[in-house]
Amino acid sequence: MGDPAPYDPTWLNGQGRTLAVDGTVVARLYGAAREGCADCREDSLEQLCRNPGQVAALALWACTRVMDTFNDLPREMLERGDPALRRLARAYSNSTFRHGFEARELTDLHKVCLELDLRTLQAAAERALQFLLADPADSVLFGSLTGAYTPSDEDDTQEHYALTRQVIGPDEVAITLTPHGD
């Protein structure tokens, strides 16, 4: 996947200002984690989680990065791992389903963050950070890509796909997605 684009609050289309997201705090956490400064990471995580909008922005950045790379979210984001990040990833998926991939609706993720306590926000932010820092060959995070979660008013089912993924190089992955019925 290579490195994600630097955090740029302008791609939030003004939503960051509305939700009082401090882009410097988001970028500082990413930088501390990338540089391996555990104390800086912990301090930055604590500061970030004081504002649910900032956790939403970090989760949006992580989901967008994964979607831009794989054109999908892995099952590990949608169905496994940290429950709060699962809710945020599903909110992202629902948002892209309703508004399109270019909309980047921060408000949908923010609504989920408002329902979470501080400890839960920190766990979700930490997991989102792991997705931002991950290598595309990380089978723990990206081993089970699935078709994009598609919400339905009638039920909570999702389409199923057979997916093969081949890491070609440090910044390139070939993905084959084949729908199949149950």
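Is Cys-40 buried, exposed or partly exposed? At 36% relative accessibility, Cys-40 counts as partly exposed. I will come back to that cysteine after the overall layout. Please keep in mind that this is a predicted model.

First, the chain as a whole. The chain has nine helices and two strands. Reading from the N terminus, the order is α-α-α-α-α-α-α-α-α-β-β, so to speak of the fold is to speak mostly of helices followed by two strands. There are 182 residues in the chain, and 46% of them count as buried. The exposed area comes to about 9,200 Å², with carbon and sulfur atoms supplying 47% of it. If we take the contacts with a separation of 6 or more, 64% of them are between residues 24 or more positions apart.

Now the core. The largest nonpolar core has 46 residues. Those with the most contacts inside this core are Leu-48, Leu-58, Leu-73, Leu-88, Leu-109 and Phe-131. At least two residues of the core come from each of α2 (23-35), α3 (38-48), α4, α5 (75-78), α6 (83-99), α7 (106-114), α8 (118-133) and α9 (139-142). Which helix gives the most? That is α4, with twelve residues.

Leu-58 is a useful residue to click on. Leaving aside its neighbours within four places in sequence, Leu-58 is in contact with Val-26, Leu-29, Leu-48, Ala-125, Ala-128, Leu-129 and Leu-132.

Next, a charged side chain. Arg-65 is found in helix α4, which covers residues 52-70. Is Arg-65 buried or exposed? Arg-65 has a relative accessibility of 6%, and because the limit for buried is under 20%, Arg-65 counts as buried. What does its side chain reach? One partner is the backbone oxygen of Leu-132, at 2.6 Å from the side chain of Arg-65. Another is the backbone oxygen of Phe-131, which lies 2.8 Å from a polar atom of that side chain. Phe-131 was also listed among the core residues with the most contacts, and Leu-132 among the contacts of Leu-58.

Back to the cysteines. A search of the whole structure finds one disulfide. This disulfide joins Cys-37 to Cys-40, with an S to S distance of 2.3 Å. The torsion about the S-S bond is about 60°, so the disulfide is right-handed. Cys-37, at 27% relative accessibility, counts as partly exposed, and Cys-40, at 36%, also counts as partly exposed. Cys-49, on the other hand, is in no disulfide. The nearest cysteine sulfur to Cys-49 is that of Cys-113, 8.8 Å away. Why is there no bond between Cys-113 and Cys-49? Their sulfurs are 8.8 Å apart, which is too far for a bond. Cys-49 counts as buried at 2% relative accessibility, and Cys-113 counts as buried at 0%.

One last residue, Leu-114. Leu-114 is found in helix α7. Because its relative accessibility is 54%, and exposed means over 50%, Leu-114 counts as exposed. The C-alpha atoms of Leu-114 and Gly-53 are separated by 8.2 Å, while the two residues are 61 residues apart along the chain.

That is the tour: a core to which α4 gives the most, a buried Arg-65 and one disulfide.

Technical notes:
Residues numbered from 1 in each chain as written. Predicted model: local features only at pLDDT ≥ 70, side-chain atom pairs only at ≥ 80, totals over all residues. Heavy atoms only, no water. Helix = DSSP H or I, 4+ residues; strand = E, 2+ residues; numbered from the N terminus. Buried < 20%, exposed > 50% of the residue type's maximum accessible area, 1.4 Å probe, protein only. Polar contact = N/O pair within 3.5 Å; in protein donor to acceptor, adjacent residues only side chain to side chain. Core = buried A, V, L, I, M, F, W, Y, C linked by side-chain atoms within 4.5 Å. Contact = heavy atoms within 4.5 Å. Disulfide = S-S within 2.5 Å. Areas by Shrake-Rupley, 256 points an atom, 1.4 Å probe, with all protein chains shown as cover.
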